[in-house]
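Please open the structure in your viewer, switch to a cartoon view, and keep the selection box at hand. The tour goes from stop to stop, saying at each one what to select and what is there.

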Amino acid sequence: MRRRITSLTVLAALVATVLFALPLGIAVWQYYHDDTKGDLERAADATALTVAPDLNSGRTPTVPALDEEDDEAGGEVGVYAPDGRLLAGRGPAVAGPVERRAAAATTDVVIDREGDEIALAVPVVSGSRVTGVVRAAMPLSQLRLRIVLTWVGMAGLAVATTGVSWLMARRSTRRLVRPMEELAAAAERLGDGDFTARSPRAGIAEIDQVGVALDTTAARIGETLERERAFSAEASHQLRTPLTGLRLQLEAALQTPGADPYEAIRAGIASADRLERTIEDLLALGRERRAPRAELDLDALLDELRQSGEALLEPRGRALRIVRQDPPTARVAAAAVRQVLGVLLDNAVTHGRGTVTVTARDAGDTLAIDVADEGPDLGEADPFAAAAGGHGIGLRLARSLAEAEGGRLRLSKPDPPTFTVLLPAAE
């Protein structure tokens with residue numbers, strides 16, 4: 001890419017130089033021809049003024065010396081009689097066609113090529129009679145040399161301009177291509193899974209805009225991947241509770257062969273329904289990070305919690321008690337509250353002892369739901385920390401879901417262990 005940009009820049013400079021140099025070269029050619037004609041005409045006119053008195057009186061004229069510039073250029077001036085004889089100065093011994101045309105007095109100035117010279121002739125007139133002709137000439141080689149030297153200088157300037165264009169193109173190409181290469185490297189790192197890759201700023205608005213977009217994309221992909229990983233961990237944790245309840249129910253049915261199998265089947269179907277609802281809740285929460293809010297059906301939620309709790313606790317010889325103390329209604333996402341209570345129930349089943357008590361009460365414009373068990377004193381330990389006695393990710397997930405609904409989840413009593421969910425009451 002660098003070579004392509006440099007080549008295109010140099011090519012553009014060459015095209016511009018050629019398009020400019022062609023008419024300029026023609027103008028130089030025309031200028032030197034006009035300048036030579038002017039020099040010859042001035043020399044001839046000056047000589048004609050000097051020799052006119054001698055020619056008009058019949059005397060042999062004396063040709064004045066050329067100025068230094070014309071002499072160095074190889075110019076020569078001669079005076080001819082009307083019959084074509086060279087009277088004075090330098091030039092051919094016999095007048096040529098240019099001098100003869102001037103002697104015929106058909107025009108004031110005659111200029112044309114004679115051999116390898118460019119000659120200009122002016123007549124010297126006395127009344128209506130031509131008394132002589134003044135001829136000024138310069139070698140064509142001298143004129144060509146002046147033109148060629150100027151063209152060579154122009155060509156050298158064009159080469160220098162092209163070289164400068166090449167150097168500037170290389171510098172500009174480095175400035176343009178380097179940030180693009182760095183963008184490509186950042187994109188490659190991003191493709192390899194390094195979502196911390198960031199592109200440096202180049203100081204070029206368009207390229208920096210691409211870099212900002214790439215950095216934003218990397219950050220979003222990293223956040224999305226992190227959320228997906230967290231969701232996988234959360235989902236596996238949340239699915240463990242209904243699966244454990246279903247397994248315990250099936251094991252209990254196998255250990256009592258005389259029991260009604262239909263009762264075990266119905267309990268298994270109910271547990272499967274709760275498992276399916278848990279999956280739907282997790283998918284909704286994973287997609288939206290906030291399920292739609294509506295007035296919470298607390299009775300249905302507590303009844304569902306009772307079924308799940310009994311399926312988990314009865315095989316362990318433990319009981320579940322649900323208490324309602326005039327709880328207010330709340331406008332929250334049922335899926336989020338269901339998952340929070342599921343986490344607290346699973347925590348009480350796994351790490352607690354004795355009866356698990358769930359209390360729904362009025363806490364002053366707030367719906368409070370307490371989940372307590374008869375387990376050991378938690379002391380100063382933080383149950384929401386990752387290393388706190390195996391409570392792990394479940395309680396952190398429950399707290400984040402509660403906070404997403406505008407509520408709170410806290411350890412209200414360490415002994416007996418009691419967790420309280422606080423949800424804003426509906427207006």
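Select strand S10 (residues 366-372) together with strand S12 (residues 417-424), and you will see the two run side by side in the antiparallel sense, paired over 7 bridges. Helices (H or I, at least four residues) and strands (E, at least two) are DSSP runs, numbered from the N terminus, and two strands pair if DSSP finds at least two bridges between them. Within this pair, Ala 368 stands opposite Leu 422 in S12.

Before moving on, note that this is a predicted model, in which local features need pLDDT of at least 70 and side-chain atom pairs count only at pLDDT 80 or more, while totals for chains, interfaces and linings use all residues. Residues are numbered from 1 along each chain as its sequence is written, and side-chain values use heavy atoms, with hydrogens and water left out.

Now add strand S9 (residues 356-362), which pairs with S10 in the antiparallel sense over 6 bridges, and find Asp 362, which stands opposite Leu 367 in S10. The hairpin of these strands has 3 residues between them, and there Gly 364 takes a positive phi near 80°. In the loop between S9 and S10 you can also select Asp 365, which has a positive phi of about 60° although it is not a glycine. Asp 365 is exposed, with a relative accessible area of 70%, where exposed means over 50%, buried under 20% and partly exposed in between (1.4 Å probe, protein chains only).

Stay with S10 and show its side chains. In a regular strand the side chains alternate between the two faces of the sheet. How many of the residues of strand S10 are buried? The count is 7 of the 7, so the strand is largely enclosed by the rest of the structure. On one side lie Thr 366, Ala 368, Asp 370 and Ala 372, and on the other Leu 367, Ile 369 and Val 371, with both faces covered.

Next, go to the loop between strand S11 (408-414) and S12, where Pro 416 has its place. The peptide bond that leads from Asp 415 to Pro 416 is cis, with omega near -10°.

For the next stop, select Asp 39 and Arg 42, whose side chains meet in a salt bridge (2.1 Å, N to O); the term stands for a side-chain nitrogen of Lys or Arg within 4 Å of a carboxyl oxygen of Asp or Glu. Both residues lie in helix H1 (residues 2-57), 3 residues apart, about one turn of the helix. Asp 39 counts as buried at 9% relative accessibility, whereas Arg 42, at 52%, counts as exposed.

Then select Arg 135 and Glu 76, whose side chains also meet in a salt bridge (3.3 Å, N to O). Arg 135 lies in strand S5 (residues 129-139) and Glu 76 in strand S1 (residues 76-80), so the pair ties together parts that are 59 residues apart in sequence. Both Arg 135 and Glu 76 are buried, and if you add Glu 99, Glu 114 and Glu 117 to the selection, you have a network linked by salt bridges. A search of the whole structure finds 14 salt bridges.
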